[in-house]
Amino acid sequence: MSNVLKAAFIFISPNGNPEEHRSWVRTEAVELLTVAVSNYAQAEKVARSLVENENIAAIELCGGFGTAGTSRVADAVDVPVGVVRFDIHPGLNNVSGDKLFS
């Protein structure tokens, strides 16, 4: 693999602040930026910014994003978007983010 993949993992958390709650993990093959957001609208904005300003080429979303949230982020960017899947998320009081953030 000759090119480094720049990817982002976006997770949703009450009071998540993408300016403050973010960190990089860098390996020879992948540079991964982890970013917290507090709702779906913020996730869309952050995803667009990451693609435009950080050259992010792939985004993975945490299981707190339901199908509606995943769709919103995928529609906001022109890079592949994947998702870790929980039907009910233990970090969100065992409900889908769709019930909380749609």
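Contact here means heavy atoms within 4.5 Å. The model is predicted, so local features need pLDDT of at least 70, side-chain atom pairs count only at pLDDT 80 or more, and totals for chains, interfaces and linings use all residues. Residues are numbered from 1 along each chain as its sequence is written, and side-chain values use heavy atoms, with hydrogens and water left out.

**Overall build**

The protein has three helices and five strands. Helices (H or I, at least four residues) and strands (E, at least two) are DSSP runs, numbered from the N terminus. Read from the N terminus, the order is β-β-β-α-β-α-β-α.

The C-alpha trace spans about 40 × 25 × 25 Å along its principal axes. For 102 residues, a compact globule would have a radius of gyration near 13 Å, and the protein agrees at 13 Å. That radius is taken over C-alpha atoms, and the globule rule is 2.2 Å times the number of residues to the power 0.38.

Burial is judged by relative accessible area: buried means under 20%, exposed over 50%, and partly exposed in between (1.4 Å probe, protein chains only). Of the 102 residues, 36% count as buried. The protein exposes about 5900 Å², and carbon and sulfur atoms supply 49% of that area. Accessible areas come from the Shrake-Rupley method with a 1.4 Å probe; for residues, only the protein chains shown count as cover.

Among contacts with a separation of 6 or more, 60% are between residues 24 or more positions apart.

**Strand pairing**

Two strands pair if DSSP finds at least two bridges between them. Strand β1 (residues 5–12) runs parallel to β3 (residues 30–37) over eight bridges. β1 also pairs with β4 in the parallel sense, over four bridges. Ile 10 shows both partnerships. Its bridge partner in β3 is Val 35. In β4, Ile 10 stands opposite Leu 61.

**Helix α2**

Helix α2 covers residues 67–76, and its buried residues are Gly 69, Thr 70, Val 73 and Ala 76. Seen down the helix axis, these buried residues fall within an arc of 130°, so they line one face of α2. The arc is that of the directions from the helix axis to the C-beta atoms. Thr 67 and Asp 75, on the other side of α2, are exposed.

What do the buried residues of α2 pack against? Their partners are α1 (40–54), β4 (58–61), β5 (81–83) and α3 (97–101).

Glu 44 sits in helix α1. This residue is buried, with a relative accessible area of 16%. Leaving aside residues up to four places away in sequence, Glu 44 touches Arg 72, Val 73 and Ala 76. Val 73 and Ala 76 are among the buried residues of α2.

**Aromatic cluster**

Rings of Phe, Tyr and Trp (its six-membered ring) pair if their centres lie within 6.5 Å; planes under 30 degrees apart count as stacked, over 60 as edge-to-face and the rest as tilted. The count by this rule is two aromatic pairs. In the pair Tyr 40 and Phe 65, the ring centres are 5.5 Å apart and the planes meet at 10°, so the pair is stacked. Tyr 40 lies in helix α1 and Phe 65 in the loop between β4 and α2, so the pair ties together parts that are 25 residues apart in sequence. Tyr 40 is buried at 1% relative accessible area, and Phe 65 is buried at 0%.

Tyr 40 also pairs with Phe 101, this time tilted: 5.5 Å centre to centre and 50° between the planes. This pair links helix α1, which holds Tyr 40, to helix α3, which holds Phe 101, across 61 residues. Phe 101 is buried, with a relative accessible area of 18%. Ring pairs thus link Tyr 40, Phe 65 and Phe 101 into a cluster.

**Asparagines with positive phi**

Two asparagines have a positive phi although they are not glycines.

| Residue | Phi | Loop | Relative accessible area |
|---|---|---|---|
| Asn 55 | about 55° | between α1 and β4 | 56%, exposed |
| Asn 94 | about 60° | between β5 and α3 | 45%, partly exposed |
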